[in-house]
Amino acid sequence: MRIYEFEKEFKRLYLPLGMYALRIVGDACDAEDIVQNSFLKVWQSIDDGRQVENFTGLMYRTVRNEALDYLRRCRPTVRLDEIPEADAPAIDTSERDARIWRAVDSLPEKCREIFLMSKRDGLSNGEIAEELGLSEKTVRNQMSKAYSRLREALSDGHKPFFLPFL
């Protein structure tokens with residue numbers, strides 16, 4: 001595997017692997033470190049001559065193993081037998097979560113801020129309006145705009161896409 005191929009796979013898998021690691025360790029910063037360490041470990045093994053048949057599978061297994069090592073070191077009371085395997089459902093869920101976050105990231109700045117305050121932070125429209133110095137109607141309009149753009153960004157052709165947080 002050449003460096004440009006590795007870079008392409010890095011860009012494709014970074015966010016889904018981060019979502020997978022986050023579900024295992026429960027902390028975004030730790031998950032990001034785990035994914036970065038996993039890519040480094042795999043790159044070093046490829047650089048040493050390892051042939052890779054299934055890069056995606058290798059990366060998910062490496063992230064899982066790195067996450068398990070992290071949990072053994074930092075949270076020894078966690079039951080490791082409850083950690084999800086790096087199987088097709090886990091990969092599909094991670095890829096779905098990554099698609100959602102990419103779509104949320106693509107929202108205009110104020111729209112994204114309002115959407116996250118509502119969905120991530122659990123604030124009401126009134127609380128968001130008060131905190132941002134906006135009218136409730138503006139908040140409702142921005143939420144409507146966010147829903148519309150997310151549905152459009154996440155739809156597969158003409159099929160409606162179910163958003164787990166809607």
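**Entry 1. A term to settle first**

I take a residue to be buried when its relative accessible area is under 20%, exposed when that value is over 50%, and partly exposed in between. I applied this to Gln 142, which sits in helix H7, residues 136–154. Gln 142 has a relative accessibility of 17%, so I recorded it as buried. I then looked up its contacts, leaving aside neighbours within four places in sequence, and found Lys 110, Cys 111 and Ile 114. I also looked up Cys 111 and noted that this residue is buried, with a relative accessible area of 0%.

**Entry 2. The whole protein**

I note here that the model is a predicted one. I counted seven helices and zero strands. Along the sequence I therefore read the pattern α-α-α-α-α-α-α, in terms of helices taken as DSSP runs and numbered from the N terminus. I found that the C-alpha atoms fill a box of roughly 60 × 40 × 25 Å along the principal axes.

How much of the protein is made up of buried residues? I recorded 36% of the 166 residues. For the surface, I noted that the protein exposes about 10200 Å², of which carbon and sulfur atoms supply 48%. I also looked at contacts with a separation of 6 or more, and 62% of them are accounted for by residues 24 or more positions apart.

**Entry 3. Helix H1**

I followed helix H1 over residues 3–25 and found a bend of about 45° at Leu 13. A proline, Pro 16, follows within four residues of Leu 13. I listed the buried residues of H1, among them Phe 6, Glu 9, Leu 13, Pro 16 and Leu 17. What covers the buried residues of this helix? I found that the cover includes helix H2 (28–47), helix H3 (55–74) and helix H4 (88–105). After H1 comes Gly 26, and I noted that its phi is positive, near 80°.

**Entry 4. Asp 27, in the loop after H1**

I located Asp 27 in the loop between H1 and H2. I recorded Asp 27 as partly exposed, because its relative accessible area is 29%. The side chain of Asp 27 reaches the backbone nitrogen of Asp 30 at 2.9 Å. Not counting residues up to four places away in sequence, I found that Asp 27 touches Leu 22 and Arg 75. I also compared Asp 27 with Leu 134: the two are 107 residues apart in sequence and 32 Å apart in space, C-alpha to C-alpha.

**Entry 5. The nonpolar cores**

I reminded myself that in soluble globular proteins, nonpolar side chains tend to be buried together. Which members of the largest nonpolar core touch the most other members? Of its 25 residues, I noted Leu 17, Val 25, Phe 39 and Phe 55. I found that H1, H2, H3 and H4 each supply at least two residues of this core. H3 gives the most, with nine residues. Apart from this core I recorded another, of 16 residues, among them Cys 111, Ile 114, Leu 116 and Leu 154.

**Entry 6. Glu 66, in helix H3**

I looked up Glu 66 and found its place in helix H3. Is Glu 66 buried or exposed? At 14% relative accessibility, I counted Glu 66 as buried. Leaving aside neighbours within four places in sequence, I found Glu 66 in contact with Ile 34, Asn 37, Ser 38 and Lys 41.

**Entry 7. Cysteines**

I recalled that a disulfide is a covalent bond between the sulfur atoms of two cysteines. I counted a pair of cysteine sulfur atoms as a disulfide if they lie within 2.5 Å. By this rule I obtained zero disulfides. Why does Cys 74 form no such bond? I found its sulfur 13 Å from the closest cysteine sulfur, in Cys 29, which is too far for a bond. I also noted that Cys 74, at 44% relative accessibility, counts as partly exposed.

**Entry 8. Arg 120**

I found Arg 120 in the loop between helix H5 (109–119) and helix H6 (125–132). I recorded Arg 120 as exposed, because its relative accessible area is 53%. Its side chain makes a polar contact with the side chain of Asp 121, at 2.8 Å.

How values were computed:
Residues numbered from 1 in each chain as written. Predicted model: local features only at pLDDT ≥ 70, side-chain atom pairs only at ≥ 80, totals over all residues. Heavy atoms only, no water. Bend = angle between axes of the 7 residues up to and from the residue. Buried < 20%, exposed > 50% of the residue type's maximum accessible area, 1.4 Å probe, protein only. Contact = heavy atoms within 4.5 Å. Core = buried A, V, L, I, M, F, W, Y, C linked by side-chain atoms within 4.5 Å. Polar contact = N/O pair within 3.5 Å; in protein donor to acceptor, adjacent residues only side chain to side chain. Areas by Shrake-Rupley, 256 points an atom, 1.4 Å probe, with all protein chains shown as cover.
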